[in-house]
Amino acid sequence: MTSLSSDSEFGPARLAAIAAAIACVAVVGIGLSLSIPLLSLEMERMGLSNTWIGVNTAIAGVASIVVLPFVPRVAARVGVMPLLLGAIAVAAVALLGFRAVRDFAWWFPLRFVFSAALGVLFVLSEFWINQAAPPRRRGLVMGVYATVLALGFAIGPALLRFLGTAGWAPYLAGAALFCAGTLPLFLARDLSPEIPHKGGRGFLGYLRVAPSATLAALVYGAVETGGFAILPIYGLRLGLTAEQAAGLVSVAALGNVLFQIPVGLLADKVDKRRLLLAAAFFGALGAAALPLGAGDGRILAVILFAWGGIAGTLYTVGLAHLGARFDGAALAGANAAFLVLYNIGLVLGPPIVGGGMDLASPHGFAWALALLFVAYLAVVGGRMIRAAP
């Protein structure tokens, strides 16, 4: 591996390494945003019930929780670059397998393998980007990284609108984009980081040592999935049309995209823990303010735009905070723990937010989101107070 220590802040070698890591996360974003709706629609055409569709989709979270803690150890043995290239190849073949194999029973191992491969890309790309980012500009680099991830999530649905959801076309397009993601990897093949065999911690160790960063992933996962999944229903309960209610998700997602780089720049100048707590405070405030827009769609859109942007910064700043706290094997393990907690949040978010809405319709939706932020604020803020001299 070529060392980046002698390269300038954004010299050619460092930029090539950053581009390779970002290409990996773009593959993850496209893969998830294309596969989730595509496979759900395919299962519906196969005549499966919503329950079976949900169970098969949930395998993705199970795969991540089971596999990700072992990724740093495997990467230390076989190397980061071979594992990245292998994960892309496996993801591309598995995606094509969904179209080739029409026996639904095989879709469970296929979903597990496909999701595990994307999880490997996620962990190693976050490790690489944190290793490659210059320490004084880590927040900016994390902001660009998160922005590309968000844009990757936008490309998948756009491909489905253009190619349709029937036949081989969307599967082949997705596999081709995965393969295209290997080009920056080959260009940066001598710059991939190495993970030492020793120096990592157990999962709970990272949660104890860096709760501000790791719990940020848990809360963001819960808020992102729970909020975005239930938000259209909230819009319907407020009297919006189906199209207007679906548009609320786009407004919140746009805020998520546009806030990442400015907040990343801010993270380079201030204490990242304090910035995380500020994001939690304003995230709770923004969620609690959603009922104020119940009678005016324009006010609701403004609140959602700001709230979506603030919520998304938990991921960006939490990731930058990990990079500032750990390096080597410890950083790889911390990234794995970060993503495991994110996936746990994905599982917990929809029932928490949906349950809140059932208990107090419609604004229980907003109050449940606010409580998730408040819980994070209380835990991390309390820890900071106890640690203060």
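Let's start at Arg45, which is partly exposed at a relative accessible area of 45%, where partly exposed lies between buried (under 20%) and exposed (over 50%), with a 1.4 Å probe and protein chains only. This is a predicted model, in which local features need pLDDT of at least 70, side-chain atom pairs count only at pLDDT 80 or more, and totals for chains, interfaces and linings use all residues. Residues are numbered from 1 along each chain as its sequence is written, and side-chain values use heavy atoms, with hydrogens and water left out.

**Salt bridges**

- A search of the whole structure turns up five salt bridges, each being a side-chain nitrogen of Lys or Arg within 4 Å of a carboxyl oxygen of Asp or Glu.
- As background, side chains of opposite charge can pair when their charged atoms come close.
- Arg45 pairs with Glu42 in one such bridge, and their closest N and O atoms are 3.2 Å apart.
- The two are separated by about one helical turn because Arg45 and Glu42 sit three residues apart in helix H1 (residues 12-45); helices here are DSSP runs (H or I, at least four residues), numbered from the N terminus.
- While Arg45 is partly exposed, its partner Glu42 is buried, with a relative accessible area of 4%.
- Both residues also belong to a wider group: Glu42, Arg45, Arg99 and Arg102 are linked in a network of salt bridges.
- Asp271 and Arg273 form another bridge, with 3.4 Å between the closest N and O atoms.
- Asp271 is partly exposed at 31% relative accessible area, and Arg273 is partly exposed at 32%.
- In the bridge between Asp296 and Arg298, the closest N and O atoms are 3.5 Å apart.
- Here Asp296 counts as partly exposed at 24% relative accessibility, whereas Arg298 counts as exposed at 67%.

**Surface patches**

- Patches are built from residues with over 30% relative accessible area and no salt bridge, joining like charges within 9 Å and nonpolar side chains (Val, Leu, Ile, Met, Phe, Trp, Tyr) within 5 Å.
- Accessible areas come from the Shrake-Rupley method with a 1.4 Å probe, and for residues only the protein chains shown count as cover.
- Arg208, Arg325, Arg383 and Arg386 make up a positive surface patch; Lys and Arg count as positive and Asp and Glu as negative, leaving out His and the chain ends.
- The place of a charge is taken as NZ of Lys, CZ of Arg, CG of Asp or CD of Glu.
- Within the positive patch, Arg325 lies in helix H13 (residues 297-325) and is partly exposed, at 40% relative accessibility.
- A nonpolar surface patch of about 300 Å² is made by Ile65, Val347, Leu348 and Ile352.
- Helix H14 supplies the largest share of the nonpolar patch, three residues.
- Val347 is found in H14 and counts as partly exposed at 47% relative accessibility.

**Buried positions in H14 and H1**

- Asn343 has its place in helix H14 (residues 328-359), where it is buried with a relative accessible area of 9%.
- A polar atom of the Asn343 side chain lies 2.8 Å from the backbone oxygen of Leu339.
- Over in helix H1, you will find Val28, which counts as buried at 0% relative accessibility.
- The C-alpha atoms of Val28 and Gly152 are separated by 7.5 Å, though the two residues are 124 residues apart along the chain.

Definitions and conventions: Polar contact = N/O pair within 3.5 Å; in protein donor to acceptor, adjacent residues only side chain to side chain.
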